[in-house]
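These are my notebook entries, written while I went through a structure step by step. I put down what I looked up and what I found.

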Amino acid sequence: MTIPFLDLKGINLAHADSLQAALARVLESGWFILGKEVDTFEQRFAAYCEAKHGIGVANGLDAIMLALKGYGIKPGDEVIVPSNTFIATWLAVSQCGATPVPVEPVEATFNIDPARVEAAITPRTRAIIAVHLYGQPADMDPLRALADKHGLKLIEDAAQAHGARYKGRRTGSLGHAAAFSFYPGKNLGALGDGGGIVTDDDAFDTLVRTYRNYGSQKKYHNLVQGYNSRLDELQAAFLTIKLATLDADNAARRAIAAQYDRLLAGIDGLGLPHVPEWAEPVWHLYVVRHAQRDALAAKLAEAGIGTNVHYPVAPHLQQAYADHGYKEGDFPIAEAIHREVLSLPLWPHMTEVQVEQVAAAVRDALSTKN
Ligand SMILES: *Cc1c(COP(=O)(O)O)cnc(C)c1O
């Protein structure tokens, strides 16, 4: 038996005919950058997110960075970020010349703890980035109240949460702007890199469109020092096809997560995902927790089961942030999470039998007989 961590090939082969037709259409059009495929995808994706505007960009990191630029984040500013997230959330802040200020998560949900945010706000704070980690929405209402109280922008890093809902509302519609990644392995993935920003804010929309295209609205006239960060026509055409089945894919992920929940319940020392009653996650990842995580991963590997760690090293302990002067113990909740989490296989067309096999292997690996 071998069960991969993710069957990316199968995910895309399910759309092979439509993807090939889209390739033929774009090839025939002779138009590859910022054309009607991007327009169509931007409109459909914004509507999907229950937001007014969608802006296609080159990748998820750029989406976060450009959202910050769109709100004028600059050197000397501080931006509140989760202490446990993928490094891109922090890098986007650093790329604006601003300083990421980490705040610890709620242990049970892995997402930023609104109760700890206010203490991190200083006169230099300009924005809060909430990450919907593993596909589960962060607790947005208290974050929005804090942002409003202190005059801050609230930006969603929704790179793992396309289609998730918070109190019935879609991620992407919960802050001032939201950033998405269409990296192939995300819930909505391109066949290459891609990213998007959604917002209801007209002025921000105009400025971010300008930033993504060399800072110009009129060719060769540059209003701001912009970037080349555009979603291309081909990836947009692919994404429009895959967007049509995103809800069905997310429903399939939900069923798999529910099956894992049932089959893994009651194993000593194994922490299972906790979903608050207001959250409707989309299970980008199914993440369990165990004190002997590495040993568990090794036994699963022996049994032919692929797993992953999201993520092994907390951002504040990365060499890239050595100059920020953090040390081990500064963010103990994030550090413990990074030591103990393990992501199990999950993709939309994973079979019930495969989920049973993974669950049985986990149970086996953790039984006291071993
Ligand atoms: C994937 C991811 C990103 C970055 O997206 P890319 O398209 O890889 O640049 C940012 N934030 C989070 C939480 C992610 O998972």
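In which loop does E50 lie? I looked it up in the model, which is a predicted one, and found E50 in the loop between α3 (36-48) and β1 (53-57). I then checked its backbone angles and noted that E50 has a positive phi of about 60°, although E50 is not a glycine. I kept this entry because most residues other than glycine have a negative phi, and most peptide bonds are trans.

With that in mind I looked for a cis peptide bond, and I found one that joins H310 and Y311, with an omega of about 15°. When I asked where Y311 belongs, I could place Y311 in the loop between α11 (293-302) and α12 (332-340).

Next I turned to the ligand and wrote down that 14 residues surround it, the closest being G60, D157, Q160, S181 and K186. Sorting the residues of this shell by type, I got 8 nonpolar, 4 polar and 2 charged. I also looked up which element gives the largest share of the shell, and it is helix α4 (residues 60-70), with 3 residues.

Which atoms of the protein lie 2.7 Å and 2.9 Å from an oxygen atom of the ligand? At 2.7 Å from a ligand oxygen I found a polar backbone atom of G60, and at 2.9 Å from a ligand oxygen a backbone N or O atom of L61. For D157 the side chain is involved instead, since an N or O atom there is 2.8 Å from a nitrogen atom of the ligand. The ligand on its own has 380 Å² of accessible area, and I noted that the protein covers 90% of this. The space that the ligand takes is the largest pocket.

Last, I stepped back to the whole protein chain, for which I recorded 13 helices and 14 strands. Its radius of gyration is 21 Å, close to the 21 Å that the globule rule gives for 370 residues, so the chain is as compact as a globular protein of that length. Along the principal axes, its C-alpha atoms fill a box of roughly 70 × 55 × 35 Å.

Technical notes
Residues numbered from 1 in each chain as written. Predicted model: local features only at pLDDT ≥ 70, side-chain atom pairs only at ≥ 80, totals over all residues. Heavy atoms only, no water. Near = heavy atom within 4 Å. Polar contact = N/O pair within 3.5 Å; in protein donor to acceptor, adjacent residues only side chain to side chain. Areas by Shrake-Rupley, 256 points an atom, 1.4 Å probe, with all protein chains shown as cover. 1 Å grid on protein atoms, 1.4 Å probe; cavity = no way out; pocket = protein on both sides within 12 Å on 5 of 7 lines; lining within 4 Å. Sits in = over half its atoms within 2 Å of the grid points. Helix = DSSP H or I, 4+ residues; strand = E, 2+ residues; numbered from the N terminus. Nonpolar A, V, L, I, M, F, W, Y, C, P; charged D, E, K, R; others polar. Rg over C-alpha atoms; globule rule 2.2 N^0.38 Å.
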